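Visitor: I'm new to this structure, and I'd like a close look at a single part of it. Could you pick one helix and then show me how it fits with everything else?

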Amino acid sequence: MYLVIGATEMVGAHLVSALLHLGQSVRATRCKGDLPEYTRHILSFYTGDYEGQFNEIEWVDADYDDIESLQDAMKGTSTVFCCKIPKLCHGHNIDANVQEIKNILAAAQEQNVENFFYLSSYHALGD
């Protein structure tokens with residue numbers, strides 16, 4: 001079982017599509033403000049059965065500030081892909097983003113996740 005954190009964002013949605021295409025089981029986090037419809041839209045680029053593939057995703061609610069919810073999301077997964085894009089908007093600063101990543105890593109360590117990958121397109125945007 002693979003867990004994709006940030007599956008409703010650009011990199012994560014394409015990764016989910018690739019994993020499903022390979023026949024892998026995928027769990028994806030859904031956090032406050034996330035739009036799973038975006039993931040469905042990305043799936044439609046790759047297959048005519050995007051609804052079927054979308055329904056194969058096991059969606060779990062998570063909160064980046066709640067390590068327990070992240071641990072629950074990671075239960076039974078061997079590999080976690082963190083594709084979360086840092087939010088740099090009013091009221092959400094870089095320190096909050098750093099703490100969220102620390103929480104994700106702490107949860108992965110607590111759940112004995114074998115493989116952890118951090119992928120983000122954020123830095124591709126530049127300053």
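**A close look at helix α4**

Guide: Let's start with the outside: the protein's accessible surface comes to about 7,100 Å², and 51% of that belongs to carbon and sulfur atoms. (Areas come from the Shrake-Rupley method with a 1.4 Å probe, and for residues only the protein chains shown count as cover.) Keep in mind that this is a predicted model, where local features need pLDDT of at least 70 and side-chain atom pairs count only at pLDDT 80 or more, while totals for chains, interfaces and linings use all residues. Residues are numbered from 1 along each chain as its sequence is written, and side-chain values use heavy atoms, leaving out hydrogens and water.

Next, the overall plan. You'll find 5 helices and 5 strands here (DSSP runs numbered from the N terminus, H or I over at least four residues for helices, E over at least two for strands). Read from the N terminus, the elements go β-α-β-α-α-β-α-β-α-β. The protein has 127 residues, and 42% of them count as buried. Buried means under 20% relative accessible area, exposed means over 50%, and partly exposed is in between, with a 1.4 Å probe and protein chains only. Take the contacts (heavy atoms within 4.5 Å) between residues at least 6 apart in sequence: 72% of them join residues at least 24 apart.

Now for the helix itself. Helix α4 covers residues 67-74, and its buried residues are Ser69, Leu70, Gln71, Ala73 and Met74. What do those buried residues pack against? Their partners are the strands β1 (2-5), β2 (26-30), β3 (58-61) and β4 (79-82), plus helix α5 (94-110).

Both ends of α4 have something to show. At the N-terminal end, aspartate 66 acts as a cap, with a side-chain oxygen 3.2 Å from the backbone nitrogen of glutamate 68. That pair is a polar contact: N or O atoms within 3.5 Å, where within protein one must be able to donate a hydrogen and the other to accept it, and neighbours in sequence count only if both atoms are side-chain atoms. Just after α4, glycine 76 takes a positive phi of about 80°.

There's also a salt bridge here, between aspartate 72 and lysine 75, whose closest N and O atoms are 3.1 Å apart. It qualifies because the rule asks for a side-chain nitrogen of Lys or Arg within 4 Å of a carboxyl oxygen of Asp or Glu. Aspartate 72 is partly exposed at 43% relative accessibility, and lysine 75 is partly exposed too, at 46%.

How many salt bridges does the rule find? The count comes to 5. One of them sits on α5, a packing partner of α4: glutamate 100 pairs with lysine 84, with N and O as close as 2.8 Å. Glutamate 100 is in α5 and lysine 84 is in the loop between β4 and α5, so this pair ties together parts 16 residues apart in sequence. Is this pair buried or exposed? Glutamate 100 is buried, at 5% relative accessible area, and so is lysine 84, at 1%.

Another bridge joins glutamate 51 and arginine 40, at 3.0 Å from N to O. Here glutamate 51 belongs to helix α3 (residues 50-56) and arginine 40 to helix α2 (residues 36-46), with their positions 11 residues apart in the chain. Glutamate 51 is partly exposed at 35%, and arginine 40 is partly exposed at 23%.

What about cysteines? Searching the whole structure turns up 0 disulfides (pairs of cysteine sulfur atoms within 2.5 Å). Why is cysteine 31 unpaired? Its closest cysteine sulfur, in cysteine 82, is 9.8 Å away, which is too far for a bond. Cysteine 82 is in no disulfide either, and the nearest cysteine sulfur to it, that of cysteine 83, is 6.9 Å away. Cysteine 31 is buried at 8%, and cysteine 82 is buried at 0% relative accessibility.

Last stop, helix α1 (residues 10-21), home to serine 17. Serine 17 is buried, with a relative accessible area of 4%. Leaving aside residues up to four places away in sequence, serine 17 touches Leu43 and Tyr46.
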